[in-house]
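I wanted to go through this fold in order, from the cysteines to the sheet, the cores and the aromatic rings. These are my entries, written as I looked each point up.

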Amino acid sequence: MSPPLEVLIVEDEALLAHELGFLVREAGLKDVGHAMNSDEACRLARTLRPSLALVDVHLQDGPTGVEVVREIAGHSGGVALFMTANLRRLPDDFAGACGVIAKPYSEQGVKTALAYLEACLRRGRAPGPPPVGLTLSPVFARRWGVAEALEAS
């Protein structure tokens, strides 16, 4: 059996970060750390090199989540997923993130999305279209082989 994927949580609301950590563990993944601002998130991403980072757009130091995702995608070797209520702040290229889950989200929606992303990361392709509530970036939809199916729907 493969070791669990390691997940970094980048969220400035402590209660929400704790809840996400619980959902990560419930999904069979490993919660490796939490960051509340961009400097801490980038440092942890470089040090821990998580497989996946769950990143809010608006952190303690402002709307810096986009820069965090660019750092993770460009230098830390991991994949980032936005989890935000601020969809308007996302750039067209998703800053290199694999996608987004819009807040508010449900526990089941997060766990389903995590299982889907785990399958994508382990296989290098999607097991099918993304679950409801998860929007893949165009780049990752192509990379994981679901772009045509998403464009047709």
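**Entry 1, cysteines.** I note at the outset that I am working from a predicted model. I searched the whole structure for disulfides and found zero. I then asked why C42 has no bonded partner: its sulfur is 17 Å from the closest cysteine sulfur, which belongs to C98, and that is too far for a bond. C98 is likewise in no disulfide, its nearest cysteine sulfur being that of C120 at 8.0 Å; since a disulfide needs two sulfurs within 2.5 Å, I left the matter there. I also looked up burial for two of these residues, and C42 counts as buried at 15% relative accessibility, while C98 is buried with a relative accessible area of 0%.

**Entry 2, the sheet.** I traced six strands in an open sheet, and I wrote down their order as β2-β1-β3-β4-β5-β6, with mixed pairing. The edges are taken by β2 (residues 30-35) and β6, and because each has a single partner strand, one side of each is left without a neighbour in the sheet. From one strand to the next I have an average twist of 20°.

I then went through some of the pairings. β1 pairs with β3 in the parallel sense, over four bridges, and in this part of the sheet I find V10 opposite V55 of β3. β4 and β5 are also paired in the parallel sense, over four bridges, and here L81 stands opposite G99 in β5. Between β5 and β6 the sense is antiparallel, over three bridges, and G99 has L136 as its bridge partner in β6.

**Entry 3, helices on the sheet.** Which strands does α3 lie across? I find that this helix, residues 65-76, lies across β3 and β4, and that it runs at about 165° to β4. α4 lies across β3, β4, β5 (99-102) and β6, and its direction is about 30° to that of β6.

**Entry 4, nonpolar cores.** The largest nonpolar core has 31 residues, and those with the most contacts inside it are L54, L81 and L117. I listed the elements that give two or more residues to this core, and among them are the strands β1 (6-10), β3 (52-55) and β4 (79-84), together with the helices α1 (14-26) and α4 (107-123). The most is given by α4, with six residues.

I looked more carefully at L81, leaving aside residues up to four places away in sequence, and its contacts include L52, A53, L54 and V55, as well as C98, G99, V100 and I101. L81 also touches L117 and L134. The cysteine C98 of my first entry therefore appears here again, as a buried residue with 0% relative accessible area. I recorded a second, separate core of 22 residues, which includes L8, A41, L44 and A45.

**Entry 5, aromatic rings.** How many aromatic pairs does the structure hold? I found one. F140 and W144 form this pair, which is edge-to-face, with 5.0 Å centre to centre and 65° between the planes. I checked whether its members are buried or exposed, and F140 counts as buried at 6% relative accessibility, as does W144 at 4%; the cut-off for buried is under 20%.

How values were computed. Residues are numbered from 1 along each chain as its sequence is written. This is a predicted model: local features need pLDDT of at least 70, side-chain atom pairs count only at pLDDT 80 or more; totals for chains, interfaces and linings use all residues. Side-chain values use heavy atoms; hydrogens and water are left out. Buried means under 20% relative accessible area, exposed over 50%, partly exposed in between (1.4 Å probe, protein chains only). A nonpolar core is a set of buried Ala, Val, Leu, Ile, Met, Phe, Trp, Tyr and Cys residues joined through side-chain atoms within 4.5 Å. Contact means heavy atoms within 4.5 Å. Two strands pair if DSSP finds at least two bridges between them. Axes are lines fitted to C-alpha atoms, for helices over the stretch in contact, and angles run from 0 to 180 degrees between N-to-C directions. Rings of Phe, Tyr and Trp (its six-membered ring) pair if their centres lie within 6.5 Å; planes under 30 degrees apart count as stacked, over 60 as edge-to-face and the rest as tilted.
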